Amino acid sequence: MAVSLKQAVRKTAMQAMLMRERLESGHAYNPVAYRNTQDPYPAYAALRERGQAHRSRLMNAWIFGRYQDVAAILPDWQRFTNDGTKAKRPGKRTVIPDPGAAPSMLSLDPPDHRRLRGLVSKAFTPRAVNALEPHIRSLMHELLDGIDDLNGFDLMDVVARPLPVIVIAEMLGVPVEDRPRFRSWSDRRARILEPTISAEERADAVLAGADLDAYFAPLVEERRADPRDDILSGLVQAEEEGDRLDGNETITMLRLLLVAGNETTVNLIGNGMLALLQHPEQLQRLREDPSLIPSAVEELLRYDSPVQLDLRRIVEDCDVNGFPVKRGEDIVMLIGGANRDPEQFTDPDGLDVGRDQGSHISFGRGIHACIGAPLARLEARIAIEVLLERFSSIRLAGPPPRFRPSIVLRGLESLPVAAEA
Ligand code: HEM
């Protein structure tokens, strides 16, 4: 009862903010409206067409959705920071999430960012990651071997959810059998990225973070006593080498890699397979010419990015390609919108697995550009290759799949399919 009253109050407050937004700028953008969580692209196009930036009351931020602007903001950390503690305006609600006790590299500027990223970057180079290919391929076969009935199964449950969590847990050195627990913590924790998160969800995300920390603490001690060849042991060693890492930073790094490396890749596989199944002629092109699969992965990242929005705080009064912005204001970048900008991509709403034009922004740009990109690309490529090898046909089955209601991490609730061996 109390919850539904709170929800009603929140809904009314949201409607009032949207009304004010419409009065002020002639347009209201409601990212959490059901139609926008299911298909955000028409709303992004409307925002792009209306002008360079839109003032969102709901998110208390400037929204930029044109490719050139997003590409300019992302790498410019001196003027547009990920560190929500900088240039904070007193009393203002902010869209930059509270990073928790020890900030992760994602929310730090150099020099701390450089120091922390340097400690794990070796594990994620294309070379190190490509060495995992045979193992990931055999994991993929094992997952498909577990399907009970080819006439109807959920591709999210069978492949998209388990594969990334097994791979990242093994790389980190945390027991894979604990993955149902990670999934729940990681799902709840990932909500903290949502700019429209409620107070209850934020509290729950903070608790999930604390649960993850409590889970990691004894593992760190185990590796201190008995190092192995995994990222966790590498971090513990860096801790012991002096001032490069402290105990809290180790735990924060583990938490970041587990959460960032999980949900996003799940959604690349899920959104990507949905796009291919909705465009059977494109899937057929991949069957006929599997050498197109790497470029298909790039196109799927562009077409329906797992990360739709990214946030920055403005450090000094400045401008974004001529649009003036003020210190302390926040920016929301529409990554999914930039990826569909007709100024950058021909026929941006079309899926073309052979597209060889421009580059998407789905992994970000600059110092914070995704460290896990080579791993995500590899997992998606292998998932598509093995699905095509094992099944002579695969098609959507059941009602149209629905997307979860989040606005930053875009992903499916389920993806029911039928296949033939
Ligand atoms: C398709 C899958 C993925 C997508 C779309 C994605 C997207 C992104 C984006 C957009 C950023 C930049 C955030 C910003 O600038 O504010 C980022 C950063 C990051 N990603 Fe990913 N990611 C994916 C997979 C992974 C994987 C597999 C891992 C690790 C195992 C990972 C770890 C990270 C980390 C640690 C950062 C922060 C890097 C830094 O601050 O220097 N991501 N990711």
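**Reading the strands and the overall fold**

In this predicted model, Arg395 stands opposite Ala418 in β10.

Colleague: How do you know that β9 and β10 are paired?

Modeller: Two strands count as a pair if there are at least two bridges between them. β9 and β10, the latter covering residues 416-420, are joined by 4 bridges and run antiparallel, so by the cut-off of at least two bridges they pair. You can find one of these partners at Leu396, which is matched with Val417 in β10.

Colleague: And what makes β4 and β10 a pair?

Modeller: Here there are 2 bridges, in the antiparallel sense. The rule asks for at least two, so 2 bridges meet it. Look at Phe153: its bridge partner in β10 is Val417. Val417 is also the bridge partner of Leu396.

Colleague: Why are β4 and β9 called edge strands?

Modeller: The order in this open, antiparallel sheet of 3 strands is β4-β10-β9. β4 (153-154) and β9 (393-396) each have a single partner strand, so one side of each has no neighbour in the sheet.

Colleague: What makes the pairing in the sheet of 5 strands mixed or antiparallel?

Modeller: It is mixed, in an open sheet ordered β1-β2-β8-β5-β3. The edges there are β1 (53-56) and β3 (80-81), which have a single partner strand each, so one side of each is left free of a neighbour in the sheet. Within that sheet, β2 (residues 61-64) and β8 (residues 330-334) run parallel.

Colleague: How do you know that β2 and β8 pair?

Modeller: They share 3 bridges, and at least two are needed, so the pair qualifies. Trp62 is a good place to look, with Ile331 as its bridge partner in β8.

Colleague: Stepping back, why does the radius of gyration agree with a compact globule?

Modeller: For 421 residues, a compact globule would come out near 22 Å, and the protein has 21 Å, so the two agree. The C-alpha atoms fill a box of roughly 55 × 55 × 50 Å along the principal axes. The protein contains 18 helices and 10 strands.

Colleague: What share of the residues is buried?

Modeller: Buried residues, those under 20% relative accessible area, make up 55% of the 421.

Colleague: And what share of the contacts links residues 24 or more positions apart?

Modeller: Among contacts with a separation of 6 or more, 72% are between residues 24 or more positions apart.

Definitions and conventions
Residues numbered from 1 in each chain as written. Predicted model: local features only at pLDDT ≥ 70, side-chain atom pairs only at ≥ 80, totals over all residues. Heavy atoms only, no water. Rg over C-alpha atoms; globule rule 2.2 N^0.38 Å. Buried < 20%, exposed > 50% of the residue type's maximum accessible area, 1.4 Å probe, protein only. Contact = heavy atoms within 4.5 Å.
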